Amino acid sequence: MKKIEAIVKPFKLDEVREALSEMGITGMTATEVKGFGRQKGHTELYRGAEYVIDFLPKVKLEIVVTQDLVDRCIETISKTAQTGKIGDGKIFVSDVERVVRSRTGEEGDDAI
């Protein structure tokens, strides 16, 4: 099993969720986060005062999938979240050693 963590722009969340649901992903966790990458924030003007926004709002999706769905999942997220502009986000994939469903005690693929 693999854990896919995707950082996307907030306005892309619903679109990504729908695309993943269509391919059979039944669960995910979404967290509002802040961060920066190459874009390094930006400067804004508010009531005549200039200030720097170092961290930009993003959404972090966490999805655990079986090995056979990893590539399709990554491709779906990439295509759906992409705007073509800086700050589209990143996707990280890591191994998951064990999954247990709290309610039933099911483990492994059955617990996903």
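At 56% relative accessibility, Asp 110 counts as exposed; the cut-offs here are under 20% relative accessible area for buried, over 50% for exposed, and partly exposed in between, with a 1.4 Å probe and protein chains only. The model is predicted, so local features need pLDDT of at least 70 and side-chain atom pairs count only at pLDDT 80 or more, while totals for chains, interfaces and linings use all residues. Residues are numbered from 1 along each chain as its sequence is written, and side-chain values use heavy atoms, with hydrogens and water left out.

**Exercise 1. Find where Asp 110 sits, and work out how far its C-alpha is from that of Val 99.**

Step 1: go past β6, and Asp 110 turns up in the segment after that strand. (Helices are DSSP runs of H or I with at least four residues, strands are runs of E with at least two, and both are numbered from the N terminus.)

Step 2: pick the two C-alpha atoms; Asp 110 and Val 99 are 11 residues apart along the chain and 8.8 Å apart in space.

**Exercise 2. Work out which residues of helix α1 are buried, and what covers them.**

Step 1: run through residues 13–22, the extent of α1, and you'll pick out Val 16, Ala 19 and Leu 20 as buried.

Step 2: look down the helix axis. The buried residues fall within an arc of 95 degrees, so they line one face of α1; the arc is taken over the directions from the helix axis to the C-beta atoms.

Step 3: ask what sits on top. The cover includes β5 (56–65) and α2 (70–81), where contact means heavy atoms within 4.5 Å.

Step 4: check what comes after the helix. Gly 24 follows α1, and its phi is positive, near 105 degrees.

**Exercise 3. Describe how α1 and α2 cross, and list the residues that meet.**

Step 1: start with the axes, which come within 9 Å and cross at roughly 150 degrees. Those axes are lines fitted to C-alpha atoms over the stretch in contact, with angles from 0 to 180 degrees between N-to-C directions.

Step 2: get the hand, which is right-handed for this pair. A crossing is left-handed if the near helix is turned anticlockwise from the far one by less than a right angle, and right-handed if clockwise.

Step 3: list the partners. From α1 come Glu 15, Val 16, Ala 19 and Leu 20, and they meet Cys 73, Thr 76, Ile 77, Thr 80 and Ala 81 of α2.

Step 4: sort them by class to get 6 nonpolar, 2 polar and 1 charged residues. Ala, Val, Leu, Ile, Met, Phe, Trp, Tyr, Cys and Pro count as nonpolar, Asp, Glu, Lys and Arg as charged, and the others, Gly among them, as polar.

**Exercise 4. Count the salt bridges, then look at the one between Asp 95 and Lys 2.**

Step 1: apply the rule, a side-chain nitrogen of Lys or Arg within 4 Å of a carboxyl oxygen of Asp or Glu, and you get 8 salt bridges.

Step 2: for Asp 95 and Lys 2, the N to O distance is 2.3 Å. The two are 93 residues apart in the chain, with Asp 95 in β6 (residues 90–95) and Lys 2 in β1 (residues 2–8).

Step 3: compare the burial. Asp 95 is exposed because its relative accessible area is 61%, whereas Lys 2 is buried at 19%.

**Exercise 5. Which residue forms a salt bridge with Lys 9, and what does Lys 9 touch?**

Step 1: the partner is Asp 88, with the closest N and O atoms 3.7 Å apart. Asp 88 is in the loop between α2 and β6, Lys 9 in the loop between β1 and α1, and 79 residues separate them along the chain.

Step 2: both are buried, and for Lys 9 the relative accessibility is 14%.

Step 3: leave out residues up to four places away in sequence, and Lys 9 touches Lys 58, Thr 83, Lys 85, Ile 86, Gly 87 and Asp 88.

**Exercise 6. Is Arg 101, which pairs with Glu 106, exposed, partly exposed or buried?**

Step 1: confirm the salt bridge, where the closest N and O atoms are 2.8 Å apart.

Step 2: Arg 101 has 27% relative accessibility, so it counts as partly exposed. Glu 106, at 32%, is partly exposed too.

**Exercise 7. Place Glu 5 and name its contacts.**

Step 1: Glu 5 belongs to strand β1 and is buried at 18% relative accessibility.

Step 2: skip neighbours within four places in sequence, and its contacts are Lys 60, Leu 61, Glu 62, Lys 90, Ile 91 and Phe 92.
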